[in-house]
Amino acid sequence: MKCKPFQNSQIINNKAMNRTNKFLTLILALVASVAITSCVQDDDYTVPTSLGNEENEALTKMLANSTEVDLAYVKELYVEDGSSTVPFYVENDIYVKGYVSSSDKSGNFFKEFYLQDAPSDPTGALKIILEQVDTYNQYNQGREVYINLKGLYIGEERVGNGIITIGGGTEFDQYGGTVTRLNTNQIRTNLLRSDVTEAITPLSVSFSSITNEHVGVFVQVDGVEFADNLAGERYFDAVQVYDTQRAMQACEGFDYTEMALETSSFATFKEHLLPTGNGSIKAIVNKTFDGSTIILALNDVADVDMNGTRCSLLDINDFTVTFEEDFENFNGFTAEGWTNVNISGTSTDWFVSGFNNNDYARISAFNSNNSEADVWLVTPAINLSANSSKILTFDLEIAYSTGIHLSAYISTDFTGDPTTATWEPLNAPIPNGPSSGFGGLQPIGTIDVSSYSGDVFIGFFYEGSDPTQTTRYHIDNLKVLSN
């Protein structure tokens with residue numbers, strides 16, 4: 001028998017080639033796998049920012065066959081009566097339009113975004129919760145979004161937190177019903193974008209003027225700083241698990257107004273040092289997890305600009321009272337030199353009322369049956385000396401708000417008829433109040449009137465009507481201080 005070494009070596013080479021082919025096949029499979037999965041980052045299955053034909057067709061069809069409602073209408077569909085909370089199921093072909101105000105790009109929001117009703121001067125916002133991360137890829141800040149509400153639920157994500165939310169389903173426990181996140185199919189069919197992205201102009205507010213009505217709105221607060229004891233601290237406290245609240249303050253005359261900034265443990269900027277100066281912050285008005293407290297939440301740390309000199313409070317001891325009215329033992333507007341006139345010729349006017357041993361000036365068009373209720377309340381002449389600092393302060397309570405219907409003015413030529421006087425608006429931050437119940441008397445900061453001298457008149461102008469503009473106002477503790 002003769003040996004055939006060539007054949008044996010050929011067999012060995014064939015085996016080697018088979019192993020090589022199998023190895024190459026494995027490598028190619030891995031490369032293909034990487035090529036496929038590289039299209040997805042961090043389990044992000046969102047569609048690209050450009051609209052596809054399917055999304056355009058769905059939006060066009062909805063606009064042609066459904067009725068538009070506003071955000072305020074959507075909020076009113078959910079009624080929480082205190083004894084039970086049942087999310088509202090939308091059966092009709094209606095939709096709501098808004099503009100994305102929040103962004104989860106920095107990780108400070110999770111599986112949610114807010115939609116406000118206008119890119120500038122918004123009046124409110126809605127929360128949308130969805131089973132999707134990195135929503136900024138699809139629902140970028142300023143994007144015009146249409147929500148097909150049919151088949152969705154309106155309620156709260158957590159019972160009693162007071163944040164009206166759009167969800168895809170419901171769940172119930174001993175505390176009541178809540179909405180759950182939109183699933184992937186609902187996201188595709190109910191959250192429809194247009195090709196419009198607007199620049200979101202932050203709403204200018206003060207800490208003292210922020211209310212529940214601002215939740216979800218992108219705002220800007222000027223003249224703010226982090227609390228004195230936070231120098232050297234970071235946005236997130238490493239000993240905490242989920243969220244860290246850092247106290248902010250603003251000098252508003254003789255006292256600080258305060259509000260907390262809340263930062264998630266997942267925020268990319270959580271380890272940044274807090275600025276130590278004074279300046280501005282742009283943020284989303286939000287609430288704590290349980291809904292008990294209003295806070296601010298950043299879209300991005302770039303929205304914080306606090307490089308100025310820290311503010312200083314005014315010292316009340318440096319001022320004297322030039323004019324003061326608390327409406328206690330008040331003898332009536334005419335007797336006290338005030339002017340109270342309804343220029344619409346209807347029956348609504350200001351009157352002195354009281355609660356819990358405290359009196360105040362009060363007005364509301366509620367139940368008046370007046371289609372117009374334009375009413376002036378004007379102080380007696382207040383003599384201001386030249387070359388001195390002068391400050392106007394007053395307290396305001398707002399109840400059953402249907403919008404802001406009060407404004408403050410100053411005049412130097414008022415002679416009894418407010419329609420013939422020259423009125424200049426004062427920088428009085430009149431806020432939205434609670435839509436139900438009373439907000440309590442709150443100071444409206446300090447208003448600088450130093451540029452005026454001689455006899456001046458402070459005028460409060462109420463523009464109401466029944467039944468749509470019926471906000472109730474109480475004015476108290478009006479003072480003009482000089483130094």
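These are my notebook entries on one protein model, from the whole chain down to a helix, a hairpin and a disulfide.

**Entry 1: the whole chain**

I noted that this is a predicted model. I looked up the secondary structure and got four helices and 31 strands. Next I checked burial: 48% of the 483 residues are buried. I also looked at how far along the chain the contacts reach. Among contacts with a separation of 6 or more, 73% are between residues 24 or more positions apart. For the surface, I have about 24500 Å² exposed, with carbon and sulfur atoms supplying 48% of it.

**Entry 2: helix H2**

I picked helix H2, residues 53-65, and checked its length. Its 13 residues should span 18 Å at 1.5 Å a residue, and the end C-alpha atoms are 18 Å apart, so the two agree.

Which residues of H2 are buried? I found Glu55, Leu59 and Met62. They cover an arc of only 65° around the axis, which means they sit on the same side of H2. I note that one of these buried residues is a glutamate, Glu55.

Then I turned to the other side of H2. Exposed there are Asn53, Glu54, Glu57, Thr60, Lys61, Ala64 and Asn65.

What covers the buried residues of H2? My list includes three strands: S3 (94-100), S6 (143-148) and S11 (191-197).

**Entry 3: the S14-S15 hairpin**

I moved on to strand S15, residues 255-264. I have it down as mostly covered, with seven of its ten residues buried. Its partner here is strand S14, residues 243-252; the two run antiparallel and are joined by ten bridges. To fix the register in my head, I looked up one pair: Ala247 stands opposite Ala260 in S15.

S14 and S15 make a hairpin, and I count two residues between them. I checked the backbone in the turn, where Gly253 has a positive phi of about 80°.

**Entry 4: the disulfide**

How many disulfides does the structure hold? I found one. It joins Cys251 to Cys311, and I read the S to S distance as 1.9 Å. The link of Cys251 and Cys311 has 75° about the S-S bond and is right-handed.

Where do the two cysteines sit? I placed Cys251 in strand S14, and Cys311 in the loop between strand S18 (304-308) and strand S19 (320-325). They are 60 residues apart, and the pair links distant parts of the chain. That took me back to Entry 3, as S14 is also the strand that forms the hairpin with S15.

Conventions. Residues numbered from 1 in each chain as written. Predicted model: local features only at pLDDT ≥ 70, side-chain atom pairs only at ≥ 80, totals over all residues. Heavy atoms only, no water. Buried < 20%, exposed > 50% of the residue type's maximum accessible area, 1.4 Å probe, protein only. Contact = heavy atoms within 4.5 Å. Areas by Shrake-Rupley, 256 points an atom, 1.4 Å probe, with all protein chains shown as cover. Expected span 1.5 Å × (residues − 1). Arc of directions from axis to C-beta. Pairing = 2+ DSSP bridges. Disulfide = S-S within 2.5 Å.
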